[in-house]
Number of protein chains: 2
Amino acid sequence: MTDLPNRIDIVEEGPREGFQIEAGPISTAAKIELIDALSSTGAQKIQIASFVSPKAVPGWADADEVVSGFSPRHGVEYTAIWFNERGMDRAVAHKGKLSNSAAISLSASEAFSERNLRRDLQGQRAAMVEYVRAHMAAGVPVERVIVMASFGCNFSGRVSTDAVLTAVADGLAIADDNGARIQTVTLADSMGWCSPSAVRRLVDAVRERWPDMSFALHLHDTRGQGIAAAYEGIRLGISKFDSAVAGLGGCPFAGQPGAPGNIATEELVLLAQEMGIETGINLEAMIETARLAERIVGHPLPSALLRSGSLKAFLKDN
Amino acid sequence: MTDLPNRIDIVEEGPREGFQIEAGPISTAAKIELIDALSSTGAQKIQIASFVSPKAVPGWADADEVVSGFSPRHGVEYTAIWFNERGMDRAVAHKGKLSNSAAISLSASEAFSERNLRRDLQGQRAAMVEYVRAHMAAGVPVERVIVMASFGCNFSGRVSTDAVLTAVADGLAIADDNGARIQTVTLADSMGWCSPSAVRRLVDAVRERWPDMSFALHLHDTRGQGIAAAYEGIRLGISKFDSAVAGLGGCPFAGQPGAPGNIATEELVLLAQEMGIETGINLEAMIETARLAERIVGHPLPSALLRSGSLKAFLKDN
């Protein structure tokens, strides 16, 4: 395990992922309570809102109120996502509280692009050129490329490694051509197809082509393979992961209501701890926050660890 | 991944594990229905009952009726467990329907031995000597050693690798001294402490000492690490696993009611399939059986895959 990182960086996406898919309605105050609880766990990056059309994602109609209302903690980076200039303008209005770093979003699946981004691949590429230009003009850095549907697509089946490589290359070229410097490329398992084997295949392929790029994994635990897939990622030296407290989340456009969401942050933290890898997150505090998340949404969430609790209570003498 | 097996052998323990811990009561007919459904999935080994005291494990008071009632399928091996001669006699009475192979059960934790086996380590070793002798005298082969609490103990904390090595050595010596030929040593995570790192540590240690022995893993998914731990086991070349349909199960003596049970068979099968490894089990049939298990117990079971379904519906063109 020579590639093993000393530390993994986790972007906690529970609020953004969770509140976009929960039937709700969940009060603005409850959203803020979860964000403030998360910032007390040691989480250093928290994705707290989505500036999208309230028609498309009613759960985020109150994004501005949520961002206005939470209490920023020193040393924590708060991020949001958006897909167009209108979203950018809303995010920029919260400069100071929100990190304004933006991401180029592409899909490795045309069918998912059409459903989730409402444009075919070519249309989305063209839109992202305009998006990057608008951000550069507004002084908002574009630092990430996100490739959705990197592991498979509920609308078109398996996604080839070539399709992912093409999307990564497209994203990097759009950035390059327009003066943006990409720091991270995220391979996103938008619909819960990941497995350790698939992580290995994909990570090997992107690394071979872009040996100096930093890749992140955004994995869903839809079929019980999420933590195993994250483990394979860590083994391969991937040190950036997205996850969601309690396993909140899931994509409202995945065509699969009720399927479990993101890998649970607390389960990822336990995995890392047992490997001797730092996350900066206090496991007990994250489990407590997972329980809070469950109370807020009002139904059981997928994380097994939130139900079982950590091993701490049992570690009597050691 | 040079050690990767072509095939893994799964012992389906859902009936035995599940009905010992479910609050129930679950009818004998429902238990039989689950067993017969499991045998139609392609599962080749099914552990269907526990011949234990009905006072200690009320859920198995009807073990004899269950074993009498199920419909044996050609090519499937049906097993049961027992811990004493009384149990052996009950199992032998079902010869013909039940495989009569027995196991030496030891614990790597003294505290768990006292609670689960009702004897300290020395007492359990002595009892197992008598147990092996009685089985040899009755012509019942003793072919497995099971080391409970191999990954940690809710009553005494972490379990050292040395304690596991000692228990394995004790079990093998008891067999050897009394003419039993052990074919498999099972490292059992009785209380849900497993992680991929722990699997690696333990498998490396037992393999170094007994390079020619076949080791099996019995893992629980109590904290979301079970499939990742199984993955690490497969990576290391382990080819024998216990699991339970839908993630049924858990140990009634683990001091942790409500904690998730065994790794779910269908999630293990999906893991293997994605690695290109055979299990002989039809994934769709196992998922359907997981749904049957959920209907039988009358509450949600832990498997994510039983809720999400397989990828088959989405694999349109490939």
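## A tour of where chains A and B meet

Start by selecting Gln225(B): with a relative accessibility of 1%, this residue counts as buried, because anything under 20% does. Keep in mind as you click around that you're looking at a predicted model.

Where are you in the chain? Gln225(B) sits in the loop that runs between strand S7 (214-218) and helix H9 of chain B. Now show what surrounds it. Setting aside neighbours within four places in sequence, Gln225(B) is in contact with Cys194(B), Ser195(B) and Pro196(B) from its own chain. From the other chain, Gln225(B) is in contact with Ile227(A), Glu267(A), Leu270(A) and Leu271(A).

**Next stop: the whole interface.** Colour the two chains differently and select the residues of each that are in contact with the other. You should get 41 residues of chain B and 41 residues of chain A. How much area is buried between chain B and chain A? About 3500 Å², with carbon and sulfur atoms giving 55% of it. In chain B, pick out Arg223(B), Glu274(B) and Phe314(B): these lose the most area to chain A, and together they make up 19% of what that side buries.

**Zoom in on a salt bridge.** Stay with Glu274(B) and add Arg158(A). Their side chains meet in a salt bridge, 3.3 Å from N to O. The count between the two chains is two salt bridges. If you hunt for polar contacts between chain B and chain A, there are 14 residue pairs, both residues at pLDDT 80 or more.

**Switch to cartoon view.** Which elements give two or more residues to the side of chain B that touches chain A? Select helix H8 (196-209), helix H9 (226-235), helix H10 (265-274) and helix H12 (304-308) of chain B. H9(B) gives the most, with five residues. Try colouring this side of chain B by class, too: you'll find 18 nonpolar, 13 polar and 10 charged residues.

**Last stop: the symmetry.** Zoom out until both chains fit on screen. Rotate chain B by 180°, with 0.0 Å of shift along the axis, and it superposes on chain A with an RMSD of 0.0 Å. The two copies are therefore related as by a two-fold rotation axis. To find where chain B comes nearest to that axis, select Ala228(B): its C-alpha is the nearest one in the chain, 1.9 Å away.

What about the surfaces that meet? 100% of the interface residues of chain B are also interface residues in chain A, so the copies meet through the same surface.

Notes: Residues numbered from 1 in each chain as written. Chains lettered and ligands numbered in written order. Predicted model: local features only at pLDDT ≥ 70, side-chain atom pairs only at ≥ 80, totals over all residues. Heavy atoms only, no water. Contact = heavy atoms within 4.5 Å. Buried area = accessible area lost by both parts, 1.4 Å probe. Salt bridge = Lys/Arg side-chain N within 4 Å of Asp/Glu carboxyl O. Polar contact = N/O pair within 3.5 Å; in protein donor to acceptor, adjacent residues only side chain to side chain. Helix = DSSP H or I, 4+ residues; strand = E, 2+ residues; numbered from the N terminus. Nonpolar A, V, L, I, M, F, W, Y, C, P; charged D, E, K, R; others polar. Least-squares fit on C-alpha atoms with pLDDT ≥ 70 in both. Buried < 20%, exposed > 50% of the residue type's maximum accessible area, 1.4 Å probe, protein only.
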